[in-house]
Amino acid sequence: MKTSLWLGLLIASLIMLCAAPHVLTQQSESIDVLSYRAFSGLATIYQQGGQSPELVAKLNQALGLIDEAHLKLLQGNDADATSLQGQANSILTGVLNQVPAAQQTAATERTWRTLTIVGLIPLAVLLSTLLFYASLRMWRRYEKSQLFEKRIIGVVHDETKD
Amino acid sequence: MRPRISPRDLKYVIAFALVMTIICSGAALRTLYPPPDEQYFEMWVLGPGGFAQHYYPHDDSNLGTDEALNWTLGVQNQMGNLEYVVVEVKLLNSTLSGPIASTGSPSSVQPILKFTQVLVENETWSVPFEWMIVNATRGNGSVSITGLSINGAQLNGQFANANSGYNFRFVFELWFLDPSSNALVFSQPTTVGPRSVWTQIWFNATSVA
């Protein structure tokens, strides 16, 4: 009985030891840091050439609430400040949850855009070269016709001389 | 069978194709990775109606209590990317140290208010800044501003004091999030030294009760 009690205590302490850092991290992570994380996620999307205006709008909504909460704290209205921070927190969590999917979409769009642009290179080269070739042939034909005309004129000139 | 193209023309066509490949690859590279433009933020303060004039009621910078001032802060993001910006509003007098442009250091005074926003590239952000002195106290030849109303919110405290109420100033500092340090910074290093963005507007509180 005593052994099983000690064993139970040991297991409980191990679980608490494992869980404690996680809980502490979550507690110490201020709402500002949460907004920085959300912003970093969105910045990655824009760096990849993607866009996510709806998530930016949500982040700005949360930032507005955080600013308002700071103002309420300055006014000594702690209850309203806490409530506003709670709202901001829930919006930021929502943004953070949607960021990976938006990043994936941006990455896919970027790949397609790269493939399209790279694929257009041989097409543009081929079309312009064909156009150049056709122009060259036309020029050669024109040169040849000019040469024939010169020869005929030469013959006519010779006949009148005789 | 006679060839359709002479060896000389074939050389021309191949040379043209090579030149076109180089030109098209360069254009594609420029499209995929455009060269960065000059990166900077802009910030300004405008008076009523969005004009750079009539900042004070009756154009008199000697303010009294309950005289409403209607300004608009503007920030433009020309950094070429999404930016997290914070405008810190500080109330100073002439002796409290303001931001120093040459060193890129901000004022050491605590901000009384912050405005935060995420701006996309080339976006302009306008923030209304409607304020008035609600309360000020006189004593020993100086005036202390102890009550302010900003955008409808009343703030109380010892904000700043000035001799006879002369030379107060609102300083607006632009801070932005540095992705490498994940912290707000006031200035960015450039080839010509640190670059910071801030502006200030002076006023006197000589007509307070």
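This passage describes a helix of chain A, the contact between chains A and B, and the strands of chain B. The structure is a predicted model.

Helix H3 of chain A covers residues 53-74. It has 22 residues, and at 1.5 Å a residue these should span 32 Å. The end C-alpha atoms of H3(A) are 31 Å apart, which agrees with that expected span. Several residues of H3(A) are buried. They are A:Leu55, A:Val56, A:Leu59, A:Ala62, A:Leu63, A:Leu65, A:Ile66, A:Ala69 and A:Leu71. Just after H3(A) comes A:Gly76, whose phi is positive, at about 85 degrees.

Chain B is assigned two domains. Domain 1 takes in residues 1-35, and domain 2 takes in residues 40-203. Taken over C-alpha atoms, the centres of these two domains of chain B are separated by 57 Å.

Chain B touches chain A. The contact takes 28 residues from chain B and 28 residues from chain A. On the side of chain B, three elements give two or more residues: helix H1 (7-32), strand S4 (113-119) and strand S7 (153-163). H1(B) gives the most, with twelve residues. By class, this side of chain B has 18 nonpolar residues, eight polar residues and two charged residues.

Chain B also holds an open sheet of five strands. Their order is S1-S2-S5-S6-S7, and the pairing is antiparallel. Strand S1 (40-46) and S7 of chain B stand at the edges. Each has a single partner strand, so one side of each is left without a neighbour in the sheet. From one strand to the next, the twist averages 30 degrees. In general, strands of a sheet pair through backbone hydrogen bonds, either parallel or antiparallel.

Two pairings within the sheet can be followed residue by residue. The first joins strand S2 (residues 69-78) of chain B to strand S5 (residues 124-139) of chain B. These strands pair in the antiparallel sense over eight bridges. Opposite B:Asn70 stands B:Glu130 in S5(B). B:Leu73, in turn, stands opposite B:Val127 in S5(B).

The second pairing joins S5(B) to strand S6 (residues 142-150) of chain B. These strands run antiparallel and are joined by eight bridges. Here B:Trp131 stands opposite B:Ile150 in S6(B). S5(B) and S6(B) form a hairpin with two residues between the strands. In this hairpin, B:Asn140 takes a positive phi near 55 degrees.

Most residues other than glycine have a negative phi. Two histidines in chain B depart from this pattern. B:His54 is not a glycine, yet it has a positive phi of about 50 degrees. This residue, B:His54, lies in the loop between S1 and S2 of chain B. With 14 other C-beta atoms within 10 Å, B:His54 is partly exposed. B:His58 is not a glycine either, and its positive phi is about 55 degrees. B:His58 lies in the loop between S1 and S2 of chain B. B:His58 counts as exposed, because it has 8 C-beta neighbours inside 10 Å and a residue is exposed with 12 or fewer.

Note on methods
Residues numbered from 1 in each chain as written. Chains lettered and ligands numbered in written order. Predicted model: local features only at pLDDT ≥ 70, side-chain atom pairs only at ≥ 80, totals over all residues. Helix = DSSP H or I, 4+ residues; strand = E, 2+ residues; numbered from the N terminus. Expected span 1.5 Å × (residues − 1). Buried ≥ 20, exposed ≤ 12 C-beta atoms within 10 Å, placed from the backbone. Domains from an automatic or database assignment. Contact = placed C-beta atoms within 7 Å. Nonpolar A, V, L, I, M, F, W, Y, C, P; charged D, E, K, R; others polar. Pairing = 2+ DSSP bridges. Axes fitted to C-alpha atoms, helices over the stretch in contact; angles between N-to-C directions.
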